[in-house]
Every structure is written in structure tokens, then in C-alpha cells.
Amino acid sequence: MKKYNVGIIGATGMVGQRFITLLENHPWFDLKVLAASERSAGKKYSEALGGRWAMKEEMPESVKDMVVLNATADIEKIASEVDFVFCAVDMKKDEIKKLEEAYAKAECPVVSNNSAHRHTDDVPMIIPEINADHLEIIKSQRERLGTKKGFIAVKSNCSLQSYVPALHPLKKYGLTKVLATTYQAISGAGKTFERWPEMVDNLIPYIGGEEEKSEVEPLKIWGTIENGKFKYCDDVAITSQCLRVPVSDGHTAAVFMSFEEGKKPSIEQIKKDWAEFAGEPQKLNLPHAPKQFLNYCEEPDQPQIKTARELEGGMAISVGRLREDSQYDYKFVCMSHNTLRGAAGGAVLLAELLAAKGYFD
Ligand SMILES: NC(=O)c1ccc[n+]([C@@H]2O[C@H](COP(=O)([O-])OP(=O)(O)OC[C@H]3O[C@@H](n4cnc5c(N)ncnc54)[C@H](OP(=O)(O)O)[C@@H]3O)[C@@H](O)[C@H]2O)c1
């Protein structure tokens, strides 16, 4: 595989830091550019970070002295130095939309962690194991943007990256109704316990905008492409509640599901479908693809955050406690690492899929 030069827009943030650790020694991607706001621009990365480095791993030597560029003022320069950028910034939604389109129009593809473009008609929102086929919409997007190479592809919100993968192989049984309550880690808000001491021994029963994302984004992921636009799936109804819990990393979901009359699979069949499920990343053997995507735990007190979140480098999903329910057909719990599978890791896997399919050439 050819090597691609890569930039990170929002390199000083929580997700940006995670990108840095994932791209160190990446077999296909060479990290060439770090960019952030004007507050950080012009400083060496280690100086711009100050005390904000929040990863367990040490800051790689290779980035410490890299001078941070200005994400908005240096677009042309960045676009000329890299083959594509990862983007994870804390800005207003309309500013992010403009910023990402500006990179795409400068012929620099954008793999985004931001929510701004998730519902743009011709922007694919990808969980690589589930809807890799949605990448074909990039052709229509390039026509709209008037670009040869530039485009935007996004990953979905972290909240749903445990239960949508678990539900996906069961859709063939006529999945009709889903109730999902999520228990989300503080790193999902870009925080650590040091920076958010109020979260120790606490639970906040509200995460702004998260329930809407958790209910609607799966419908785009399960949607179809018609006339260069996405038509959202309309045969599954999802309702959700999202809670912030005192966990550093790892989002758990408690899920209830029902199927069409007469199509309800057995517990054994569901476990078999989960065990056998593999998508494009596994078939293409992408560098960050987990070998086993969905992992069922038979022990009644699993999956637990501390034992399950690092499974396969934080890229695998853990599922457990599948059983019959009195109101729905079944209930189960599932968890995924929110800053790996749910954020930077999911974006790196998406970029690997795009690279393997020639979208950066
Ligand atoms: N944390 C997660 O698990 C997670 C998961 C999925 C998606 N996301 C999304 O990813 C994005 C970043 O999240 P985060 O947790 O990494 O946020 P964060 O830790 O607050 O980092 C924000 C980043 O944005 C940069 N930034 C802020 N204003 C800017 C501007 N005007 N121009 C250019 N860069 C600017 C900051 O640079 P300075 O340091 O220079 O200010 C910093 O690099 C958000 O859209 C978030 O919703 C996060």
C-alpha cells in the first residue's frame, strides 16, 4: 500500500490527541501537519498543549516540536502538504460546515469527527463494518462541490457505536422497535476527572443533543441512496435516553428490541449472527479492523468497562446479557470505547477504508 500524508485539524483537542497516538507508526499514513485555533498556531505542539495532554501513552517525540498551523488561515498551505485531513474541532456548527467544505474545495479530502455535516444530503456517515457501500455517494458530492479529489466523509456519533453494530446483523429479521439507554463516559465531553471534578461520584441525566443523534443517525446509516441523496430508513423506530456517568472512557448501552410478527429469531440464532458478522474492514484486513467485531460475553456481569473497553485496541464491540423481555422481544447490554471505536479510531478505520478503495488517489 502506498503511503499517504495526513494532517489533523483540531490536533490539540481530546480527539486530536487520540489521532496522534493512533497515527504513530501507522503503516499507511504519515502525520505531516498539526493544526488548531489561532490560540495554538505558531507554537510548538508540546507548548500549545501545555498541561492538556490527556492520553495514557506518552506524547510521541515526533510531534513535540512540530509547529501548529492555523486551521482556518492556512487551508491552502495544509491542502498542498497532505493527501487528506482528519477533523475534530470545537467550533460553531456553521463554522465547521464552512471549514470542512473549504478543505474539500481545496482538493483535500476530510474525514470528520464533527457532527456538522452528518445530515448533509450527499455526505456519507460511515461505520465501516455496516455501510461501506455508502461511499459511492462521494461521486455526487464531488459534482456538487466541483472537485476532482476533495470530499467530506463523516463518522457517526459515539453514543450509538455499540448498539447499532449489535442491531445491524439482526435487521434481516424485521427489526421494528428499539429502546436504548446510554451510559456515557466523560471523555465523550472532551474531559478528564482532573478537568471535571464535579463528575466524581455523580451522574448527569442530560447530554445536550445526544438523544436526537442516537435516534436519527442510525436511520441514515441504514438508509439507501436515491438520486444522489440519502433516503433514511423508515422501518425501525428508535427511542433513547443518554446519561453522563463517572467513567473515564467507554460508553455502555442498555438495549431493548422487537421484531416483526413471526420473524423473531432465537437467542442461539442471534448469538450466531453476532459471532459470524464481519464487514468490509475484516474482508480487506484493514490495519485498525478488529478481527472479531462483535464479542458476546456469557458471564452475567459482563461486559464491564474495565475489562472490555481495550478489546482489540478499543475497536471491538462487547455485548452481553441477551435475554427475553416482557415488553419487547429481547434486551441486552453492549459497550464500545468512545474515543477509539467511537471517535478517532472509527475515523482512522474509515480513512483506511477510503484509502483501500482509492478515494485519496
Ligand atoms: N470526545 C469525543 O469522544 C468525541 C467523540 C465524537 C466526536 N467528537 C467531536 O469532535 C470534535 C472535537 O471534540 P474534542 O472532544 O476533541 O474537543 P476539544 O478537546 O475541546 O478540542 C477542540 C479542538 O478544536 C480546536 N478549535 C477550537 N476552536 C477553533 C477554531 N476557531 N479554529 C480551529 N480550531 C479550533 C481546539 O484548538 P485550540 O487548542 O487551539 O483551542 C482543539 O484542537 C467535536 O466536534 C466533538 O463533538 C468528540
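In these exercises, Ala, Val, Leu, Ile, Met, Phe, Trp, Tyr, Cys and Pro count as nonpolar, Asp, Glu, Lys and Arg as charged, and the others, Gly among them, as polar. The structure you are exploring is a predicted model.

**Exercise 1. Describe the shell around the ligand by class and by its nearest residues.**

Step 1: Sort the shell by class, which gives 10 nonpolar, 16 polar and two charged residues.

Step 2: Look for the residues that come nearest among the 28 around the ligand: they are Thr12, Gly13, Ser37, Ser40 and Gly190.

Step 3: Turn to the helices. At least two shell residues come from each of helix 1 (14-23) and helix 14 (340-356). The most are given by helix 1, which supplies three.

**Exercise 2. Work out where the ligand shell lies relative to the domains.**

Step 1: Find the domains. The domain assignment splits the chain into domain 1 (4-157 + 344-356) and domain 2 (159-336).

Step 2: Check which domains give residues to the shell. Both domain 1 and domain 2 do, so the shell lies between them.

Step 3: Add a distance: over C-alpha atoms, the centres of domain 1 and domain 2 are 25 Å apart.

**Exercise 3. Describe how domain 1 meets domain 2.**

Step 1: Start with the contacts, where 31 residues of domain 1 meet 29 residues of domain 2.

Step 2: Name the elements on the domain 1 side. Helix 6 (128-131) and helix 14 each give two or more residues there, and helix 14 gives the most, with seven.

Step 3: Finish with the classes. The side of domain 1 that touches domain 2 holds 14 nonpolar, 11 polar and six charged residues.

Note on methods
Residues numbered from 1 in each chain as written. Predicted model: local features only at pLDDT ≥ 70, side-chain atom pairs only at ≥ 80, totals over all residues. Near = placed C-beta within 6 Å. Helix = DSSP H or I, 4+ residues; strand = E, 2+ residues; numbered from the N terminus. Domains from an automatic or database assignment. Contact = placed C-beta atoms within 7 Å.
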